[in-house]
Amino acid sequence: MSLFEEARIRKSDDIIDKSVKEIIESFMDDYAREIGFDVKKNPRKLKKTVGDMEFEIAIYSSKYNKTREICDIQYLFVVYYKQLNSDIKIVMRGWGDTGNFHEIETYNKYEKELVCATQLFEKEYRPIIELFENDFNDAVEYFSHIKRYSKYNVSLQFLDQVLGRERIEKLIKKYYKTLSLPYRRQIESYAKGERELDFVLEQNGKYILDNKLIDF
């Protein structure tokens with residue numbers, strides 16, 4: 001019997017009499033079974049491959065976890081494109097619950113969280129996978145629209161490589177306009193060779209600069 005099945009039968013607020021590692025690994029097995037992913041235990045992640053696309057859900061354990069007291073987990077949904085001309089193959093990332101930690105140390109919390117995580121996956125990320133299963137190019141085109149691009153942190157390099165530079169020029173300009181004025185000023189200063197200690201250039205900003213996609 002899986003821990004999820006046991007939790008459904010018990011309907012109890014009792015602490016699960018297992019180590020943090022055992023609870024998280026049981027949760028991964030139950031979650032993978034619910035959404036149809038494979039389990040990779042080291043590092044902790046669930047995985048599904050569709051052509052050249054790899055969909056992963058990384059499972060993180062809170063540093064405050066303590067066996068038979070606290071067991072909190074966090075998720076990150078990541079999409080990789082194996083053909084991307086870069087050392088970094090990540091093309092999308094995010095999670096619909098804004099990265100909060102979730103409690104699963106009791107039977108009731110375990111059951112509730114697995115149900116909620118499955119519902120969230122079906123709502124937010126199952127449609128993404130199905131898009132790529134149905135038509136790769138249509139899926140890439142879908143995520144080139146500014147709202148979806150911003151929501152899922154889509155890689156500009158990915159869109160550029162698949163769709164071509166002319167197709168994403170408008171997107172690049174729209175993306176740049178969504179940035180705060182202070183951040184835009186930092187990018188412009190960075191382009192001129194200035195370096196500020198507190199400035200961290202994210203992936204798409206760096207791609208714009210390295211490829212001179214914006215005229216300053």
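## Aromatic contacts and the nonpolar core

The charged end of Arg148 lies over the ring of Tyr142, 3.7 Å from the ring centre. This model is predicted. Tyr142 also belongs to a cluster linked by ring pairs. Its other members are Phe55, Phe77, Tyr81, Tyr125, Phe132, Phe136, Phe143, Tyr152 and Phe158.

In total, the structure holds 17 aromatic pairs. One of them joins Phe55 and Phe132. Their centres are 6.0 Å apart, with 55° between the planes, and the pair is tilted. Phe55 lies in strand S3 (residues 53-61) and Phe132 in helix H4 (residues 126-134), so this pair ties together parts that are 77 residues apart in sequence.

Tyr81 and Phe136 form another pair. Their ring centres are 5.5 Å apart and their planes meet at 25°, so the pair is stacked. Here, too, distant parts of the chain are linked: Tyr81 sits in strand S4 (residues 72-81), Phe136 in helix H5 (residues 136-142), 55 residues apart.

Burial of these four rings' residues is as follows.

| Residue | Relative accessible area | State |
|---|---|---|
| Phe55 | 0% | buried |
| Phe132 | 5% | buried |
| Tyr81 | 9% | buried |
| Phe136 | 25% | partly exposed |

Phe55 reappears in the largest nonpolar core, which has 61 residues. Together with Tyr31, Ile57 and Phe158, Phe55 touches the most other members. Helix H2 (residues 20-35) gives this core its largest share, eight residues. Phe158 belongs to the aromatic cluster as well.

Key: Residues are numbered from 1 along each chain as its sequence is written. This is a predicted model: local features need pLDDT of at least 70, side-chain atom pairs count only at pLDDT 80 or more; totals for chains, interfaces and linings use all residues. Side-chain values use heavy atoms; hydrogens and water are left out. A nonpolar core is a set of buried Ala, Val, Leu, Ile, Met, Phe, Trp, Tyr and Cys residues joined through side-chain atoms within 4.5 Å. Buried means under 20% relative accessible area, exposed over 50%, partly exposed in between (1.4 Å probe, protein chains only). Helices (H or I, at least four residues) and strands (E, at least two) are DSSP runs, numbered from the N terminus. Rings of Phe, Tyr and Trp (its six-membered ring) pair if their centres lie within 6.5 Å; planes under 30 degrees apart count as stacked, over 60 as edge-to-face and the rest as tilted. A charge sits over a ring if NZ of Lys or CZ of Arg is within 6 Å of the ring centre and within 35 degrees of the ring normal.
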